[in-house]
Structures are given as C-alpha cells and as structure tokens.
Amino acid sequence: MKLTKLMQTLPVYQTIQSIEHIEVNGIEMDSRAIQNGNVFICINGYTVDGHDFVDQAIHNGAVAIVAERPLQVSVPVIVVQNSARAMAKLASYFYHQPTQQLHLIGVTGTNGKTTTSYLIDRIFRAYNQRTGLIGTIQMNIVDQSYEVKNTTPDALFLQRHFAKMVDHQVNTAVMEVSSHALDLGRVHGCDFDVAVFTNLSQDHLDYHKDMDDYLRAKSLLFSQLGNHYTGKPKYAVVNRDDSASEVLIKSTAHNVVTYGLHSEATVKAEQVKLTANGTSFILVANDERIAINSKLIGRFSVYNMLAAASAAWVSGVPLSTIKEALEQTTGVSGRFEPVLCGQDFGVIVDYAHTPDSLENVLQTIQSFVEGKAIVVVGCGGNRDASKRPLMANVAVQHATKAIFTSDNPRKEDPVAILNDMEAGVVGQEYEVIVDRREAICAAIQQAQPGDVVLIAGKGHETYQEVNGVRSHFDDREVATECIEVKQSKEK
Ligand SMILES: CC(=O)N[C@H]1[C@@H](OP(=O)(O)OP(=O)(O)OC[C@H]2O[C@@H](n3ccc(=O)[nH]c3=O)[C@H](O)[C@@H]2O)O[C@H](CO)[C@@H](O)[C@@H]1O[C@H](C)C(=O)N[C@@H](C)C(=O)N[C@H](CCC(=O)O)C(=O)O
Ligand SMILES: Nc1ncnc2c1ncn2[C@@H]1O[C@H](COP(=O)(O)OP(=O)(O)OP(=O)(O)O)[C@@H](O)[C@H]1O
Ligand SMILES: N[C@H](CCC[C@H](N)C(=O)O)C(=O)O
Ligand SMILES: [Mg+2]
C-alpha cells in the first residue's frame, strides 16, 4: 500500500520529507519486530519510550516513522499528536477496516466482562454464527484459542486479529473493553455495533484519578459508538440498576436498551429464584417472555445473563436460541468454579478481585451454605492499593472465617500488601498466611462437612508473580492437592 494512501486515514499529521514514493508492507510498534518495508510507530510507554528505538527500527528495514516529535533520521518522519491513537486508525485502514465486516460487540464494566462475553459468544454459536472472542482468558477465532497479554490488547494486535477473523469467515466478534484500553485508545479503530455495560464499582484507582475519571473512560465506549458511520444501527446496552448507566445513556446518540431486575427496563428478569444449584427466571424482552433455568449461581449471574441476552436480542437472535445457550452453559473457567474431589465440603475458585465482586460472591455463598463460609483472599501488588482494606473488610464481614494471603505481589513486598489489607479490619478476627499454598491448605484443613471454602482472586490464572517472576500456580490444582492430603490423613 502507498504510504500516502495509508496516511489519508489521519485527519492531521505533519511531515517535512516527501512520502510520495514510499510503499508500505506492514505496521509495527516494536522495533525488534520490524521487517523490510514496514512503518515503525513510536509509542511512549510506561516502561520505555519507543522513540528511543528508531535507529534499531531503521536498521531492521523501517521505511518511515510515525512519531510524536520530529526526529533526525534517514527515513521520513510523520509527526502526529498521539501515536497510539494514530496507530489504531492506521492499523484499521491497513487491514481494510475489518471491524466493519464483523458484527462487533464490546463489553465494559468493572465486574462480569469476561463472563458476559463468553455468554454472548455461546448464544451466537447456538445461533450458528462463526464467532471470535477477545478477553482476559484468551482470544478465540472459531475453534482455535490463542494467548493474550491484556484483557484488551493494543490496537495493532486487535486490527491484525480482526482481519484474521474476517479471513476465517467469522461474522460475530465479542470483546472485553477495559477502561485502560478506552483511555489509551486501543479500540480507537474499532467499529462497535453493540456496546454493553455491566456495572461500575471501585477498581483501577492506581490508573484512574478517581471514580469519575474511571467512569469517563468507560463512557468512551458509548460516546465513540457509531464514529465510523456505516449506516448499520448501533445499540448501547446498559444496566438500568446501576446508577452509572445514566452517564452512559447521555454519552450516546444511538439506540439505548436497558436491562435490570429492579427498575423499568427493556429487558428484565422476573420471578428470579436463586438456589445452590442454579438460577431460574422469566426473561422478558418487550412483550416476549421465556423461562430460563440456568446452572449459573448467584444474583450477579442473572445480571450477566441479562446483559448477554440483551446484546443478542438487539442483534436479532430469537429468545428461544438465547434460552438454549444460557441453559447449556455450565460456567466460565475460574468463575465460581467448583473443585470436586468427593469431599464433604464445598471448594470454589473464583476471580473476585474487587470489593464488589467479593461481596457478591460471598453473599451468594452465605445464601446457601449449611456450615461456615471460609474465604482465602489476597490483593494484587502494583495495582489499586486503596481496594486492599476494602476487600479485607468485605471478607471479614461476609465470611465466617477469613484468611488473608498473597495474590500476585508482583514487585511489592507481600507483607506490606497484607498490612494494607489488615488496616481495613477493626475488631474482627482473621488469619494471615503469606504463602498462598499454605493458606489454601489451612482453609481446607479447617473445613467441616457442609462448609464452603472460597478461594478468591486468581480464578483461571495459572501463575503467581512474586518479585517480578511468574511461577506456575493454579488455585484449582493446589486445592485438589490439599483436599487429597486431607483425605489421606482421614483414612
Ligand atoms: C500500563 C500498561 O497498560 N502497559 C501496557 C503497555 O506497556 P508499556 O507501556 O510498558 O510498553 P513499553 O514496554 O514501555 O513499550 C513502549 C513501546 O516501545 C516499544 N519497544 C520496546 C522495546 C524495544 O526494544 N523496542 C520497542 O520498539 C514497544 O513495542 C512499545 O510500542 O503496552 C503493552 C503492549 O500493548 C501492554 O501489554 C502493557 O500492558 C501491561 C502488561 C499491563 O499490565 N497493563 C494493564 C495495566 C492493563 O492494561 N490492564 C487492562 C485491564 C485489565 C482488566 O481489568 O481486565 C487490560 O486491558 O489488560
Ligand atoms: N455482574 C457481576 N457483578 C458483580 N460481580 C460479578 C459479576 N459477574 C462476575 N462477578 C464477580 O467478578 C469476578 C470476575 O468476573 P469476570 O471475570 O467476568 O469479570 P471481568 O470484568 O472480566 O474482570 P477483569 O476486569 O479482571 O477482566 C467473578 O469471578 C465474580 O466473582
Ligand atoms: N484484570 C485485573 C486482574 C487482577 C487479578 C488479580 N489476581 C491480581 O493479580 O491483582 C487487574 O489487572 O487488575
Ligand atoms: Mg475480564
């Protein structure tokens, strides 16, 4: 592609050298990956500044540079205001605007994005669509899975893989859209057809200045809806029971569909019944009604099902298909996942890593547990420290017994993180066991028939990061080992 043609997608840029003759065969943001004929985009990151790697990029064959400032180098430099946002547009154009060929659904919110995305994916599969999915656990393109580093990867990765989805005849794609991604412009080149909001509560205040700033980032998914005008109808699907939805509704000029349990909503759940084995409710969408009997547990799961059902319903999927998919779903890896080794007490591995999700999950357990609810929980290092005392407080308030432990301390001192957690507890008992394996085994040792042990925070993760080094660690495997040790002692 001619560089001049590629650059047409940017409304404003500056270059003093002629770029008329340049032919481009690829875009890269990493100097190490540059090949002959590529354009190198310099991104000023959190760790290093991509502008410092132009020489390596040129040495590897870069024919032009996109940068945020003029650079004295041997190839033309195109100066833009924000190279990450420019990259999103350039990548979309280079890969022939793949998201315009997909029915693209974006899911944002503090909790429930992964679960809701999987439910949407399963509904569209039941509707015989070829689907793609991008989120915290992995990326799926039809039946192939790929690792991802971020919940919402960078714009280049996204556009490249949307193009791959188009090549694989995918027609519907669903992705989680994190607040970081919205703020950093990772989804700037994406033409969403449906934007879904789950809920808002505290998280990521290490990155966002305050809750208003966090909500502002989330609202970008709604304000940018329909930016790439193609004439297709666009829908905002929001949780009516969450007050943050008011801001999101005001952020979009497109169709708004609300869902909820308590308020007047377009899509509702009526006659909700929550049991230890699942949930049932009547799904109401305008004047259509259908009974749902799901294996998913807890009121929060009803919200996730409503969000997914609404996204599918506005896309034209019949309620009968939505019912079929929701009823077949047993759950998502590491989300309220039971560990079953024939023991006479429950063990649940869950990804709750915010005060709100921990409270939701513990309340759900309390609603059916016959004995004690024992929670093992920690807080991540180098992430929002202000949620630590709040999570500890939720743990002691909503569990019979709380054991505080480590959850990816990253580069922080695990004991310092635990001290931050302990500051949130006044006058209530808890135990601190720094080593996560020991903490899980201690909880399982203490469990009596009828008790439930909740192991929170890591869900599907298969590593523990300590001192910046990741080692294999899977809560489900460790719990199984601890149960087997307990069973062998009892024989
Ligand atoms: C803080 C943050 O968002 N960091 C992201 C960022 O990394 P960074 O800014 O450190 O990148 P960097 O290493 O400084 O590199 C800057 C530029 O120099 C280039 N470079 C670098 C070295 C070199 O030799 N040559 C070169 O050209 C790099 O390719 C890059 O273009 O860019 C990387 C590539 O896109 C991301 O993987 C990385 O996410 C890290 C892993 C991360 O942990 N991010 C978290 C905070 C995050 O984004 N989380 C959200 C939400 C999670 C959720 O709630 O579900 C997410 O969407 O994942
Ligand atoms: N709708 C919900 N409301 C509150 N809590 C929820 C909801 N759905 C799930 N949870 C809780 O939050 C945890 C994380 O769920 P999920 O992975 O679906 O969220 P996420 O938004 O993708 O999280 P992340 O930001 O890490 O990607 C679950 O394990 C469960 O404890
Ligand atoms: N997406 C979340 C994951 C947190 C999971 C928890 N296990 C941790 O490491 O803090 C985040 O980046 O904040
Ligand atoms: Mg997620």
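**Figure 1. The shell around ligand 3 has no nonpolar residues, five polar ones and four that are charged.** The model shown here and in the following figures is predicted. The residues around ligand 3 are Thr151, His353, Gly380, Arg383, Asp407, Asn408, Gly457, Lys458 and Glu461. One of these residues, Asn408, is taken up again in Figure 2.

**Figure 2. Two residues, Asn408 and Phe336, are shown for their backbone angles.** Most residues other than glycine have a negative phi. Asn408 is not a glycine, yet its phi is positive, at about 45°. The loop that holds Asn408 runs between β19 (401-404) and α13 (414-422). Because 24 C-beta neighbours lie inside 10 Å of Asn408, this residue counts as buried. Phe336 likewise is not a glycine and has a positive phi of about 45°. Phe336 belongs to the loop between α10 (319-328) and β16 (337-338). With 22 C-beta neighbours inside 10 Å, Phe336 counts as buried.

**Figure 3. Ligand 2 is surrounded by 22 residues.** Gly112, Lys113, Thr114, Thr115 and Ser357 come nearest to ligand 2. The elements that give two or more residues to this shell are α4 (113-126), α9 (299-314) and α11 (355-368). The helix α11 gives the most, with four residues. Sorted by class, the shell around ligand 2 holds five nonpolar, twelve polar and five charged residues. Domain 2 (98-328) and domain 3 (337-490) each supply at least three residues to the shell around ligand 2.

**Figure 4. Ligand 1 has a shell of 20 residues.** The closest to ligand 1 are Gly45, Thr47, Asn150, Thr151 and Ser178. Thr151 also appears among the residues around ligand 3. By class, six residues of the shell around ligand 1 are nonpolar, ten are polar and four are charged. At least three residues of this shell come from each of domain 1 (3-94) and domain 2 (98-328).

**Figure 5. Domain 2 and domain 3 are shown where they touch.** The domain assignment divides the protein chain into domain 1 (3-94), domain 2 (98-328) and domain 3 (337-490). The centres of domain 2 and domain 3, taken over C-alpha atoms, are separated by 28 Å. To the contact, domain 2 gives 15 residues and domain 3 gives 16 residues. The side of domain 2 that touches domain 3 consists of six nonpolar, seven polar and two charged residues.

**Figure 6. The largest nonpolar core has 154 residues.** Nonpolar side chains tend to be buried together in soluble globular proteins. Ile65, Val237, Val375, Val453 and Leu454 are the members with the most contacts inside the core. The largest share of this core comes from α9, which provides twelve residues. Leaving aside residues up to four places away in sequence, Leu454 touches Ile348, Asp350, Val361, Leu362, Ile365, Ala373 and Val375. Val375, a partner of Leu454, is also one of the core residues with the most contacts.

**Figure 7. Asn393 is placed in helix α12 (residues 387-398).** Asn393 counts as buried because it has 20 C-beta neighbours inside 10 Å, and the cut-off for a buried residue is 20 or more. Not counting residues up to four places away in sequence, Asn393 touches Gly424 and Val425. Between Asn393 and Glu431 the separation is 38 residues in sequence and 13 Å in space, C-alpha to C-alpha.

**Figure 8. The protein chain as a whole, given as the setting for the close-up views.** The protein chain has 15 helices and 23 strands. Its radius of gyration is 24 Å, close to the 23 Å that the globule rule gives for 491 residues, so the chain is as compact as a globular protein of that length. Along the principal axes, the C-alpha atoms of the protein chain fill a box of roughly 80 × 55 × 40 Å. Of the 491 residues of the protein chain, 52% count as buried. Among contacts in the protein chain with a separation of 6 or more, 68% join residues 24 or more positions apart.

Terms used. Residues numbered from 1 in each chain as written. Chains lettered and ligands numbered in written order. Predicted model: local features only at pLDDT ≥ 70, side-chain atom pairs only at ≥ 80, totals over all residues. Near = placed C-beta within 6 Å. Nonpolar A, V, L, I, M, F, W, Y, C, P; charged D, E, K, R; others polar. Domains from an automatic or database assignment. Contact = placed C-beta atoms within 7 Å. Buried ≥ 20, exposed ≤ 12 C-beta atoms within 10 Å, placed from the backbone. Core = buried A, V, L, I, M, F, W, Y, C linked by C-beta atoms within 7 Å. Rg over C-alpha atoms; globule rule 2.2 N^0.38 Å.
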